[in-house]
Amino acid sequence: SGMVSLAGKRIERIEFRGNRIIEADAIAATLISEKGKPLELAKLREDIRAIWRMGQFADVSVSAELIGDSLILIYEVRERPLIHKVFISGNSGVGLEAINEVIDLKLDTILDVAAVKTNRDRIAALYRRSGFYLSSVSYTTKAVNDAEVDVYFEITEQTRVEVREVL
């Protein structure tokens, strides 16, 4: 790649593009490449891994601009979207208040698919505890704009199962 030919050149400065919520200083704190030092490809690979490990970004890439004999290192990031709203549909057997008590997704926080799945499982467990053993819960996310998504939980209620004692 083009970066190979730039190895060894001095890093004049490091820039971040695409970050809206996450501060550049927070990203910079994860890097091992340093301003004033020569560019090392192994360090660059570690930097990209470190930025990924922050868990805040949907995409990370790096490029460089050659200015005379030195470089401007540019990390381009795309932040994961924020949760705008959470919607529940299909619930008639279990009230919204009960469902809200088991959900811990917060609005205006970064979308974490694992947390959404955990919340889906909590709603399903609530339904089982309420006697709806055959119900299912699915989720979808829909973009509101390029920075936010809405989370939809769709509940498919099957008839409540009555367990009766048999003599």
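**View A. Arg49 is partly exposed, at 43% relative accessibility, and takes part in a salt bridge with Glu46.** In this predicted model, the nitrogen-to-oxygen distance between the side chains of Arg49 and Glu46 is 2.6 Å. Glu46 also counts as partly exposed, because its relative accessibility of 32% lies between the limits of 20% and 50%. Arg49 and Glu46 both belong to helix H2 and stand 3 residues apart, so about one helical turn separates them. Elsewhere, Arg13, Glu15, Arg17 and Glu65 are joined into one network by salt bridges that share partners. Side chains of opposite charge can pair when their charged atoms come close.

**View B. Two further salt bridges are those of Glu12 with Arg10 and of Glu40 with Lys43.** The closest N and O atoms of Glu12 and Arg10 are 2.5 Å apart. Glu12 is partly exposed at 34% relative accessibility, and Arg10 is partly exposed at 38%. For Glu40 and Lys43, the closest N and O atoms are 3.5 Å apart. Glu40 has a relative accessible area of 38% and is partly exposed; Lys43, with 26%, is partly exposed as well. The structure holds 9 salt bridges.

**View C. Strands E1, E3 and E2 form an open sheet, in that order, with mixed pairing.** Strand E1 (10–17) and strand E2 (57–67) are the edge strands, each paired on one side only. From one strand to the next, the twist averages 20°. E1 and E3 pair in the parallel sense over 7 bridges, and Arg13 has Ile72 of E3 as its bridge partner. E2 and E3 (residues 70–79) run antiparallel and are joined by 10 bridges. Strands of a sheet pair through backbone hydrogen bonds, either parallel or antiparallel. Of the 10 residues in E3, 8 are buried, so the strand is mostly covered, with buried meaning under 20% relative accessible area.

**View D. E2 and E3 are linked as a hairpin with 2 residues between them.** Gly68, in the turn, has a positive phi of about 60°. Leu66 stands opposite Leu71 in E3. Another bridge pairs Phe57 with Glu79 in E3. Helix H2 (residues 41–53) lies across E2 and E3, and its direction is at about 150° to that of E2.

**View E. A second group of strands, E4, E6 and E5, makes up an open sheet in the order E4-E6-E5.** The pairing in this sheet is mixed. Strand E4 (82–89) and strand E5 (136–143) each have a single partner strand, so one side of each has no neighbour in the sheet. On average, neighbouring strands are turned by 20° against each other, direction ignored. E5 runs antiparallel to E6 (residues 148–156), and 8 bridges join them. Among these pairings, Ala143 has Val149 of E6 as its bridge partner. Helix H4 (residues 113–129) packs on the sheet and touches E4, E5 and E6, with a direction at about 150° to that of E5.

**View F. The largest nonpolar core contains 18 residues.** The members that touch the most other members are Ile99, Leu105, Ile123, Tyr127, Val151 and Phe153. At least two core residues are supplied by each of helix H3 (96–102), H4 and E6. The largest share is that of H4, with 5 residues. Leaving aside residues up to four places away in sequence, Leu105 touches Ile83, Val86, Ala115, Val116, Asn119, Val151 and Phe153. In soluble globular proteins, nonpolar side chains tend to be buried together.

**View G. Another core, of 17 residues, lies apart from the largest one.** Its members include Leu6, Ile22, Leu31 and Leu44.

Terms used: Residues are numbered from 1 along each chain as its sequence is written. This is a predicted model: local features need pLDDT of at least 70, side-chain atom pairs count only at pLDDT 80 or more; totals for chains, interfaces and linings use all residues. Side-chain values use heavy atoms; hydrogens and water are left out. Two strands pair if DSSP finds at least two bridges between them. Helices (H or I, at least four residues) and strands (E, at least two) are DSSP runs, numbered from the N terminus. Axes are lines fitted to C-alpha atoms, for helices over the stretch in contact, and angles run from 0 to 180 degrees between N-to-C directions. Contact means heavy atoms within 4.5 Å. A nonpolar core is a set of buried Ala, Val, Leu, Ile, Met, Phe, Trp, Tyr and Cys residues joined through side-chain atoms within 4.5 Å. Buried means under 20% relative accessible area, exposed over 50%, partly exposed in between (1.4 Å probe, protein chains only). A salt bridge is a side-chain nitrogen of Lys or Arg within 4 Å of a carboxyl oxygen of Asp or Glu.
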